[in-house]
Amino acid sequence: MTTLEDNEFDKYIQFLEKNREDFSTWIKILTVAENGRKINQIRKSFDLFLSIYPFAFGYWNKYSLLDLENQEEIYERAVKVAYYCVDIWIFYCRYSIENKPPDFTRNLFERAIEAVGTDFFSTNLWNDYIEWEFSQNKPENVTKIYQKVIQIPIQQIEIYWQNYKRHAQTRPLSELEPENLSQNENEEKKENEQNNLFKLQTILQKQEQEFQKTLVKFNKIIIYESGILRPYFHIHPLDDQQLYIWNSYLNYAEEQYKLNLESFEFVIKLYERSVISCSLYPSFWLKFALFYEENNKIQEARNIFQKATQIFIPNRPKIQNIKNKKNQKAIAEGFIKLAHFEYRISNKSNEIFINSLENTLSELTEYYANSRLTKRKNNKIYAIITIELCRFLTNQLMDNLMSSNQSQSDLINQIRELFERAFDYSEHFIHLWISYINFEIQIIQDDNISKVIDLFNRATSDESLLNIKDKLSICLLHVEFLRNFSKEISSLFLLNEKISKLKKEANEKKINYYHGIQKHELIFSEYFKGTFLKPQTRFPNTKFN
């Protein structure tokens, strides 16, 4: 497929509008547009592609070379949407060198330096700027560039310092340190040329002191920067080590800012760099927005969130690394943080929060539909998100936010349905059982005591997927419940027999069961002494281990 008629080409475009992540088809259709040299096909395909992948700097450059009539406009669009992408600025500046007057090019270089000049990997931009100013026979401008760059901890910082020292030997002293040389000093310089070398050394010594401060910063960040192997955007996922380095680097930057050792701008620019390399990872956008929010930059936080959801991740975040059990808690907590953030920036809209978690559960259901993980019922993600959603709905119920008894009843049924559905994926997870039981106890009435007892029995039955330790813990809660809500001694006797059976099984299998279960024996004996506690409305909150 080298060329296509316009009607066939449009069919592919329509397909890609609905299947935006089909990258292989994207490459094919962009290649067709490039080979066919039809400007309408080039513009349709590249405009759509770059609206979806705006950090794909190489395609911006390719687009500009295919649409020569609009090169400058294309580059301006590129630097607007990908302002912190070093490579896009480099391409634009190189285009300007060949096609625009010196004043335009110099202004463009300054724009680029302002945007990405502090990027650790911006050395090619600085090198191009220095080389171009030399070509314009403007060594005084080269001096200014060197004096800027030696104050920034980037690659080749020591080379820049050495080059600056050599360059300084060919330049007048007034150019090297004009702010510290008075008119009298300049006159004295003319009268006493033999002092020039001494003065030059003095100036360089002062500047070296500032350079050493830059070097200290460089040595602090090099441990992170040297580990970043792909600072640019690519459709292929980053490996876990790269994600870990970016996260660690961001945490370091935030800590330095809190200690007043780095500026707010330093942290922001690092975040901007991270969401180029990690733009397809929702957690980085959320982390960025939360940093703004924590520093009372609410509008900026909203802007980052909108940028992520409208341009870079318009669909709901995908479930990543779900097969890795070690990451399940972190993944679930990420979705919960996202829901809470959406809730806060929407002026605490309950509907926004509920919809966010419900959408996540729907995505999980779709994912599990074609996965063997469904049958194993050991997925914490679904359980943790369900628990958080039910907690939120329960708070609504307890705060009397419902307008009628009927709506209260509907909400109770909705919460029960959420818990029951979660058992299809997370029946093994004790916190899901405890949360469900806790909810039923919070709304306990005479007509639903049997529901609580039924839950206890289901959790500790032979068919239950809970392990022995968890069953024993549930039994302990069951004993406390009976002690507070029931006076049927027979039920307590039966439960005690079940506990003894489970303890015996645990001992036979050499399972070190939860030592707190011994408490049930004390409770059991106190029952016959008439020592009853007041009915409890909830058990303590649990932590996910």
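In this predicted model, the charged end of Lys100 is placed over the ring of Phe104, at 4.9 Å from the ring centre. A second such arrangement involves Lys297, whose charged end lies over the ring of Phe264, 5.7 Å from its centre. The protein chain that holds these residues has 27 helices and zero strands. Of its 545 residues, 48% are buried.

**Overall architecture**

- Among contacts in the protein chain between residues at least 6 apart in sequence, those joining residues at least 24 apart account for 64%.
- The exposed area of the protein chain is about 28,600 Å², and carbon and sulfur atoms contribute 48% of this area.

**Nonpolar cores**

- The largest nonpolar core comprises 107 residues, of which Trp26 and Tyr53 touch the most other members.
- Beyond its neighbours within four places in sequence, Tyr53 is in contact with Arg20, Glu21, Phe23, Trp26, Phe233 and Ile235.
- A second core, separate from the largest one, has 58 residues, including Phe335, Phe353, Leu432 and Leu495.

**Aromatic pairs and cluster**

- Across the whole structure, a search identifies 39 aromatic pairs.
- One of these pairs is formed by Phe23 and Phe49, whose ring centres are 6.0 Å apart and whose planes are at 50 degrees, so the pair is classed as tilted.
- Because Phe23 belongs to helix 2 (residues 23-36) and Phe49 to helix 3 (residues 39-52), this pair ties together parts that are 26 residues apart in sequence.
- Phe23 and Phe49 are both buried.
- Phe109 and Trp132 also form a tilted aromatic pair, with 6.0 Å from centre to centre and 35 degrees between the planes.
- Phe109 is located in helix 7 and Trp132 in helix 8 (residues 123-135), so their pairing ties together parts that are 23 residues apart in sequence.
- Phe109 is buried, as is Trp132.
- A single aromatic cluster is made up of Phe23, Trp26, Phe49, Tyr53, Tyr59 and Phe233.
- Two members of this cluster, Trp26 and Tyr53, are also the residues that touch the most other members of the largest nonpolar core.

**Helix 5**

- Helix 5 spans residues 71-81, and its residues Gln71, Ile74, Tyr75, Ala78 and Val79 are buried.
- Viewed down the axis of helix 5, these buried residues fall within an arc of 130 degrees, and they therefore line one face of the helix.
- The buried residues of helix 5 pack against helix 4 (57-66), helix 6 (86-99) and helix 7 (102-116).

**Helix 24**

- In helix 24 (residues 449-459), the buried residues are Val452, Leu455, Phe456 and Ala459.
- Seen along the axis of helix 24, its buried residues fall within an arc of 100 degrees, so they line one face of the helix.
- The cover over the buried residues of helix 24 includes helix 23 (430-442) and helix 25 (468-485).

**Asn141**

- Asn141 is situated in helix 9, which covers residues 139-149.
- Asn141 counts as buried because its relative accessibility is 16%, under the 20% limit for buried residues.
- Apart from its neighbours within four places in sequence, Asn141 is in contact with Arg106 and Glu133.

How values were computed:
Residues are numbered from 1 along each chain as its sequence is written. This is a predicted model: local features need pLDDT of at least 70, side-chain atom pairs count only at pLDDT 80 or more; totals for chains, interfaces and linings use all residues. Side-chain values use heavy atoms; hydrogens and water are left out. Buried means under 20% relative accessible area, exposed over 50%, partly exposed in between (1.4 Å probe, protein chains only). Helices (H or I, at least four residues) and strands (E, at least two) are DSSP runs, numbered from the N terminus. The arc is that of the directions from the helix axis to the C-beta atoms. Contact means heavy atoms within 4.5 Å. A nonpolar core is a set of buried Ala, Val, Leu, Ile, Met, Phe, Trp, Tyr and Cys residues joined through side-chain atoms within 4.5 Å. Accessible areas come from the Shrake-Rupley method with a 1.4 Å probe; for residues, only the protein chains shown count as cover. Rings of Phe, Tyr and Trp (its six-membered ring) pair if their centres lie within 6.5 Å; planes under 30 degrees apart count as stacked, over 60 as edge-to-face and the rest as tilted. A charge sits over a ring if NZ of Lys or CZ of Arg is within 6 Å of the ring centre and within 35 degrees of the ring normal.
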